[in-house]
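Reader: I would like a close look at the charged side chains of this protein, and then at whatever lies around them that bears on how they are placed. Please take it slowly and keep the reasoning connected.

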Amino acid sequence: MPDSSENTVFKNYKFNELKVYSSTEWLAENKKKYRQVFDRYEVSYIYAELAFYNKMYDRDVWDADIVLKCYEVKSRKKLVCSLDFKKKISKYDNIVYIREGWGNKKDGAFWKKGTYFWEAYINGDKVGTKYFYIEDVGYEFVDGYNPYLDVESIKLYEGPLDDVAEGERNYLTTFSSEETRYVHVEIKCKNNLKDVDWHCEMEVKFFNETHQLKGRVVRLQSINKDEKSIKINANWGTNVKGSWRVGDYTMEIVFMDRLIAIVPFEVDEYFEEGLPQVEIPGSNESLVMVPDETANQSFEEVVQRLDRLIGLKKIKKKVKDHAKYIRFLKLRKEKGFKEKDEINIHSVFMGNPGTGKTTVAKMMGILYKKMGLLSKGHVHEVDRVDLVGEYIGQTAPKVKEAIEKARGGVLFIDEAYALARSNDDTKDFGREVIEILVKEMSNGKGDLAIIVAGYPKEMIHFLDSNPGLRSRFKQYFEFEDYMPQELIDISRLACEEKEVVLEKEASLQIDDIITNAFRNRDRAFGNARFVFDLIEKAKINLGLRIMNQKDHDDFKEDKLSLINAHDVSLINIEDKKVLPDIPIDEKLLELALHDLESLIGIDNIKKQINELVNIVRYYKESNRNVLSSFFLHTVFVGNPGTGKTTVARILTKIYKSLGILERGHMIETDRQGLVAGFVGQTAIKTNERIEEALGGILFIDEAYSLSNFNGLQGDYGNEAIQTLLKRMEDHRGEFFVFVAGYPHNMETFLKANPGLNSRFDKTLKFNDYDPHQLTDIAIKMFADEGMKATPKAIEFLKTYFIKIYSQRDKYFGNARTVRKIVLESIKNQNLRLAELPVERRGNKIKQITFDDVIAIKALDMDDTSFSKKSIGYRTGGSSAH
């Protein structure tokens, strides 16, 4: 080693590193396969590599005396070999490598189990020491079996160099390019050597998407014979965020020169939680690896775990009976009976949210594994989003990927009914999912249980959506809502899991909340989820109370865990947004009502709106909440041209003036503005329109086109309706919906979904204008254009309107027809005056005469032919506008 004394002797070298390897294979950049742990039966020679910097580089040649000694560590060190030689150091070598080894050319002949180390000397000075270990399991490696360990789980997470406590790790499949520091890997393995202590060495390599080596980490651990599992953590990165670029990465894990796992992960804009797909070399599949916590449990112990679940009495009995019957069938097979049918383990779970469906599915997976029906027994949970693609050709790969992830265990499809949204829509990709599932259950590779779950009524519709679907499921489990006493027991369990205690008064309050929630429940009631959320809210209130007190760092455990009555009293079961209390704007109200009164006809509409104004005034004067008493969503029913859109705009002004609307604007849209061309995009598009309408009115013209009443509109319109209904409920009082359309079609539309009728408080029916009203409308339209019709022209129009009114059908255009006549008359007047000299026109330019209107008789409104039914096509209620 360099002398630190004042009389320092110059040395021609500087020690770099001492490494150990056994393979003579050359790697890039003059590297070898460096290791410290070797299996006895796989090594012949063990080599030492001494590397040092040449200080005489590019200056002179010099001689070095090199000694490499190997020792075995027992009670005292025992010399294995001493290799002495002289080495001429070239002035052209910046770094000098000395490689020598010891052993026997036959694998397993020389090196025995033990601890060894190499020592390196240069010119008499010891410069380095490197330990290595020989392990011996008694036999050679067999392909497909690792005698040392089995990989049980691999998880990835982000954190600093100093690692993250196990309970605080957030497991990921995708990392944020801007926020990621180190990518950590947590490797858990089963220790197969239970009788001896040994050394485990793992090499973890990180590659970018072009398979360039980004980083390499080696972990060496001593494994005690009493350890059942091995935990190894490694990481690569930097404490500076932003060092990971967007792209696809691969992690390779090597043990004793064998690749034991490949772990792909992604770096993108945002973090994405989940467990990675792990590829095991030699296997044709990728799988999510998680530790099997039930490996040491017997079948009976798993059944006892099922029995310990709160409630679910009928479900427990049915699961146990089902398990007994399967064991009976297996017993018959063992005794020589020929069971023609395969044992069917596919099931249907029907019940409301939070009734234990997922928990029981996990139990069944374990039971099936214990009975030898499944190889792994894990549960892979998916829903429609995970299975249905956005475009043609995307669905099948997604479904097959989900099936392979679940292979060996349970594919649990939550809200499975969403895969069969409409019996009339043959274009929905959800149907493709069902077809693939039926095929898998019929003649797939097996080693799979498919469990579909959802609301009872919707699941019946789902099972009827495909002729072969119902017959593939033999087991039906109905999960009833928990009883109040069971929910109360669950609340105590939730307290245990969240490590809190309820004070006596707080406990009584929690019980009352649960009981009242049970009494008022609907099918969306969360059951156990509701209870766990309730305890979580109480815990949050406890935390806020504690942190607002002084010296909270000195509080003891009992004070930090005790929820009192005040904590519970602060819980809001439903967090409702406080709506603004806006006073009536009398000036705006007067203007809006004047606009309404100036409209011709619609006396019934005017009466209803005036009554609404009076009711709102009364509620305001009585300090009563208008918005909690009425939905104020409105249906506008009437033929074309009856003033629906005009009244909607005026009613919007009235709502604004009454303080009902925060902003008072109106967003006008139709099917095209709400419905997209692909599954999943409609909800986004509809939500965008709703966001625009918040604080005002969303006016949907020809709303009936959203329902698939004619079987042609497909599933996407119904998706818009479902989205709309949910937002109307979630944002009650924050915006209102006006829907408009033809009478018959709107009636069908409101019947298309049970929730629609109940959401709309008011229906405004717009009758066709009679001939006198049509004449008045024509006179007003002429006046709006600065024109005035002569008495003879008006008389003709009255007669003409009587005629077309008597011949009208459901496509009659009302005021739209009048506008066509008015515009045609003005055009005729303009053409007539254009033929006259300027000096003869005089004040006639403002006058509509009999000659101008008589010309429309020749038309006889033949444009109504656009409304007539044509051969081979159905109008579906549409009209020419």
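Author: **Charged side chains and their surroundings**

On the surface, a patch of negative charge is made up of Glu 178, Glu 209, Asp 248, Glu 266, Asp 268, Glu 269 and Glu 272. The model is a predicted one, and what follows should be read with that in mind. Within the patch, Asp 268 can serve as an example: Asp 268 belongs to strand S16, which covers residues 258–268, and with a relative accessible area of 31% Asp 268 is partly exposed. Because a residue needs over 30% relative accessible area to be placed in a patch, the 31% of Asp 268 meets that requirement.

Other charged side chains are paired with an opposite charge, and a search through the whole structure finds 44 salt bridges. One of them joins Lys 126 to Glu 119, with 3.6 Å between the closest N and O atoms. The two partners are not alike in their exposure, since Lys 126 is partly exposed at a relative accessible area of 38%, whereas Glu 119 is buried at 4%. The figure for Glu 119 falls in the buried class because that class takes in relative accessible areas under 20%.

A further salt bridge is found between Lys 320 and Asp 307, where the closest N and O atoms are 2.9 Å apart. This pair links distant parts of the chain, for Lys 320 sits in helix H2 (residues 313–334) and Asp 307 in helix H1 (residues 299–307), with their positions 13 residues apart in the numbering. Here Lys 320 is partly exposed, with a relative accessible area of 26%, and Asp 307 also counts as partly exposed, with a relative accessibility of 36%.

The salt bridge between the side chains of Lys 405 and Glu 401, at 3.4 Å from N to O, is arranged in another way. Both residues are in helix H5 (residues 395–406), and because they are 4 residues apart there, about one helical turn separates them. Glu 401 counts as partly exposed, its relative accessibility being 43%. Beyond such pairs, there is also a network of salt bridges that links Asp 163, Glu 166, Arg 169, Glu 186, Lys 188 and Lys 231.

The loop between H1 and H2, the helices that hold Asp 307 and Lys 320, deserves a closer look in its own right. Leu 312 is placed in that loop, and although Leu 312 is not a glycine, its phi is positive, at about 55 degrees. Most residues other than glycine have a negative phi. Leu 312 counts as buried, with 11% relative accessibility. A positive phi of about 55 degrees is found in Asp 447 too, again a residue that is not a glycine. Asp 447 lies in the loop that runs between helix H6 (430–443) and strand S23 (449–454), and at 28% relative accessibility Asp 447 counts as partly exposed.

From charge one can turn to nonpolar surface, where Tyr 139, Val 142 and Tyr 145 form a patch with about 290 Å² of accessible area together. Tyr 145 is located in the loop between strand S8 (125–135) and strand S9 (149–159), and with a relative accessible area of 39% Tyr 145 is partly exposed. Tyr 148 has its place in the loop between S8 and S9 as well, yet Tyr 148 is buried, with a relative accessible area of 0%. Between the C-alpha atoms of Tyr 148 and Asp 136, which are 12 residues apart along the chain, the separation is 9.7 Å.

The cysteines remain to be considered, and for them a search of the whole structure finds 0 disulfides. Cys 81 takes part in no disulfide, and the cysteine sulfur nearest to its own, that of Cys 70, is 5.0 Å away. Cys 81 is buried, with a relative accessible area of 3%. For Cys 189, the closest cysteine sulfur is in Cys 200, and because the two sulfurs are 6.7 Å apart they are too far from each other for a bond. Cys 189 likewise counts as buried, at 1% relative accessibility.

How values were computed: Residues are numbered from 1 along each chain as its sequence is written. This is a predicted model: local features need pLDDT of at least 70, side-chain atom pairs count only at pLDDT 80 or more; totals for chains, interfaces and linings use all residues. Side-chain values use heavy atoms; hydrogens and water are left out. Patches are made of residues with over 30% relative accessible area and no salt bridge: like charges are joined within 9 Å, nonpolar side chains (Val, Leu, Ile, Met, Phe, Trp, Tyr) within 5 Å. Accessible areas come from the Shrake-Rupley method with a 1.4 Å probe; for residues, only the protein chains shown count as cover. A salt bridge is a side-chain nitrogen of Lys or Arg within 4 Å of a carboxyl oxygen of Asp or Glu. Lys and Arg count as positive and Asp and Glu as negative; His and the chain ends are not counted. The place of a charge is taken as NZ of Lys, CZ of Arg, CG of Asp or CD of Glu. Helices (H or I, at least four residues) and strands (E, at least two) are DSSP runs, numbered from the N terminus. Buried means under 20% relative accessible area, exposed over 50%, partly exposed in between (1.4 Å probe, protein chains only). A disulfide is a pair of cysteine sulfur atoms within 2.5 Å.
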